[in-house]
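Me: I would like a close look at one part of this model, taken slowly and with its surroundings. Please choose a starting residue and work outwards from there.

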Amino acid sequence: FKDCADCPEMVAIAPGSFSMGSDHVERMRGNEMRPEGPVRQVKIAKGFAAGKYEVTNKEFGAFVAASGY
(Lines give C-alpha, C1' and ligand atoms only; values in the text may rest on other atoms or scores of the structure.)
Protein backbone atom coordinates (compact mmCIF):
# COMPACT_ATOMS: atom_id res chain seq x y z
CA PHE A 1 0.00 0.00 0.00
CA LYS A 2 0.99 3.66 -0.38
CA ASP A 3 -0.12 6.63 1.71
CA CYS A 4 0.24 9.03 -1.24
CA ALA A 5 1.35 9.06 -4.87
CA ASP A 6 4.93 10.05 -3.98
CA CYS A 7 5.15 7.90 -0.84
CA PRO A 8 7.15 4.66 -0.79
CA GLU A 9 5.35 1.35 -1.16
CA MET A 10 4.76 -0.25 2.24
CA VAL A 11 4.08 -3.77 3.49
CA ALA A 12 1.90 -4.51 6.52
CA ILE A 13 3.58 -6.73 9.10
CA ALA A 14 0.94 -8.54 11.16
CA PRO A 15 1.37 -9.53 14.80
CA GLY A 16 2.49 -13.10 15.32
CA SER A 17 5.57 -15.19 15.96
CA PHE A 18 8.19 -17.06 13.97
CA SER A 19 11.45 -18.98 14.42
CA MET A 20 14.56 -16.97 13.50
CA GLY A 21 18.02 -18.46 13.03
CA SER A 22 19.28 -21.80 11.82
CA ASP A 23 21.32 -24.70 13.13
CA HIS A 24 22.30 -25.56 9.53
CA VAL A 25 26.03 -24.95 8.92
CA GLU A 26 26.57 -22.46 6.07
CA ARG A 27 29.51 -20.66 4.49
CA MET A 28 29.81 -17.15 5.91
CA ARG A 29 31.96 -14.19 4.87
CA GLY A 30 35.63 -15.11 4.84
CA ASN A 31 34.64 -18.70 3.95
CA GLU A 32 34.08 -19.52 7.63
CA MET A 33 31.68 -22.44 8.07
CA ARG A 34 29.26 -22.00 10.98
CA PRO A 35 25.54 -22.07 11.79
CA GLU A 36 23.46 -18.89 11.64
CA GLY A 37 21.74 -19.89 14.92
CA PRO A 38 20.80 -20.06 17.59
CA VAL A 39 17.22 -20.77 16.61
CA ARG A 40 14.96 -18.55 18.70
CA GLN A 41 11.29 -17.65 18.78
CA VAL A 42 10.54 -14.02 17.85
CA LYS A 43 7.18 -12.47 18.76
CA ILE A 44 5.74 -9.40 17.01
CA ALA A 45 3.26 -8.05 19.55
CA LYS A 46 1.91 -5.12 17.54
CA GLY A 47 1.50 -4.83 13.77
CA PHE A 48 3.41 -2.18 11.83
CA ALA A 49 4.31 -1.17 8.28
CA ALA A 50 7.76 -1.26 6.69
CA GLY A 51 9.06 -0.05 3.35
CA LYS A 52 8.90 -2.74 0.68
CA TYR A 53 12.10 -1.48 -0.99
CA GLU A 54 15.25 0.32 0.08
CA VAL A 55 14.98 4.10 0.34
CA THR A 56 16.48 5.71 -2.77
CA ASN A 57 18.66 8.83 -2.79
CA LYS A 58 15.81 10.67 -4.53
CA GLU A 59 13.33 9.66 -1.81
CA PHE A 60 15.75 10.64 0.94
CA GLY A 61 16.41 13.97 -0.80
CA ALA A 62 12.66 14.67 -0.88
CA PHE A 63 12.49 13.88 2.86
CA VAL A 64 15.39 16.24 3.60
CA ALA A 65 13.84 19.03 1.49
CA ALA A 66 10.43 18.62 3.13
CA SER A 67 11.63 18.23 6.71
CA GLY A 68 14.77 20.37 6.83
CA TYR A 69 16.43 17.46 8.62
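Reply: A good place to begin in this predicted model is Phe60, which counts as partly exposed because its relative accessibility is 44%, a value that falls between the 20% below which a residue is buried and the 50% above which it is exposed. Phe60 sits in helix α1, which covers residues 57–67, and Phe63 lies in that helix too, three residues further along, or about one turn of the helix. Phe63 is likewise partly exposed, with a relative accessible area of 40%.

The two rings form an aromatic pair, with 5.8 Å from centre to centre and 40 degrees between the planes, and the pair is described as tilted. Phe63 also pairs with Tyr69: their ring centres are 5.8 Å apart and their planes stand at 50 degrees, so this pair is tilted as well, given that the tilted class takes in plane angles that are neither under 30 degrees nor over 60. A search of the whole structure finds two aromatic pairs, and ring pairs link Phe60, Phe63 and Tyr69 into a cluster. Tyr69, for its part, is exposed, with a relative accessible area of 71%.

The three aromatic residues also belong to a wider surface feature, since together with Val55 they form a nonpolar patch. The accessible area of this patch comes to about 500 Å² for Val55, Phe60, Phe63 and Tyr69 together.

Turning from the patch to the pocket beside these residues, the lining of the largest pocket includes Val55, Phe60 and Phe63, and the space in this pocket is about 200 Å³. Helix α1 provides the largest share of its lining, with five residues. Among the other lining residues are Asp6, Pro8, Gly51, Tyr53, Lys58, Glu59 and Ala62, and Glu9 and Lys52 line the pocket too.

Those last two residues deserve a closer look, for Lys52 forms a salt bridge with Glu9, in which the closest N and O atoms are 3.5 Å apart. Lys52 lies in the loop between β6 (48–51) and α1, whereas Glu9 lies in the segment before β1 (10–13), so the pair ties together parts that are 43 residues apart in sequence. Both partners are partly exposed, Lys52 because its relative accessibility is 44% and Glu9 because its value is 32%. In general terms, side chains of opposite charge can pair when their charged atoms come close.

The structure holds two salt bridges, and the other one joins Arg34 and Glu32, again with 3.5 Å between the closest N and O atoms. Here too both residues count as partly exposed, with relative accessibilities of 37% for Arg34 and 41% for Glu32.

One backbone detail can be added for Asn31, which is located in the loop between β3 (25–27) and β4 (33–35). Its phi is near 65 degrees, a positive value in a residue other than glycine. As background, most residues other than glycine have a negative phi. Asn31 is exposed, because its relative accessible area is 55%.

To return to the starting point, Phe60 takes part in the ring cluster with Phe63 and Tyr69, in the nonpolar patch on the surface, and in the lining of the largest pocket.

Terms used:
Residues numbered from 1 in each chain as written. Predicted model: local features only at pLDDT ≥ 70, side-chain atom pairs only at ≥ 80, totals over all residues. Heavy atoms only, no water. Patch = residues over 30% accessible without salt bridge, like charges linked within 9 Å, V, L, I, M, F, W, Y side chains within 5 Å. Areas by Shrake-Rupley, 256 points an atom, 1.4 Å probe, with all protein chains shown as cover. Salt bridge = Lys/Arg side-chain N within 4 Å of Asp/Glu carboxyl O. Helix = DSSP H or I, 4+ residues; strand = E, 2+ residues; numbered from the N terminus. Buried < 20%, exposed > 50% of the residue type's maximum accessible area, 1.4 Å probe, protein only. Phe/Tyr/Trp six-rings, centres within 6.5 Å; stacked < 30°, edge-to-face > 60°. 1 Å grid on protein atoms, 1.4 Å probe; cavity = no way out; pocket = protein on both sides within 12 Å on 5 of 7 lines; lining within 4 Å. Points joined across faces, edges and corners; volume = space filled by probe spheres on them.
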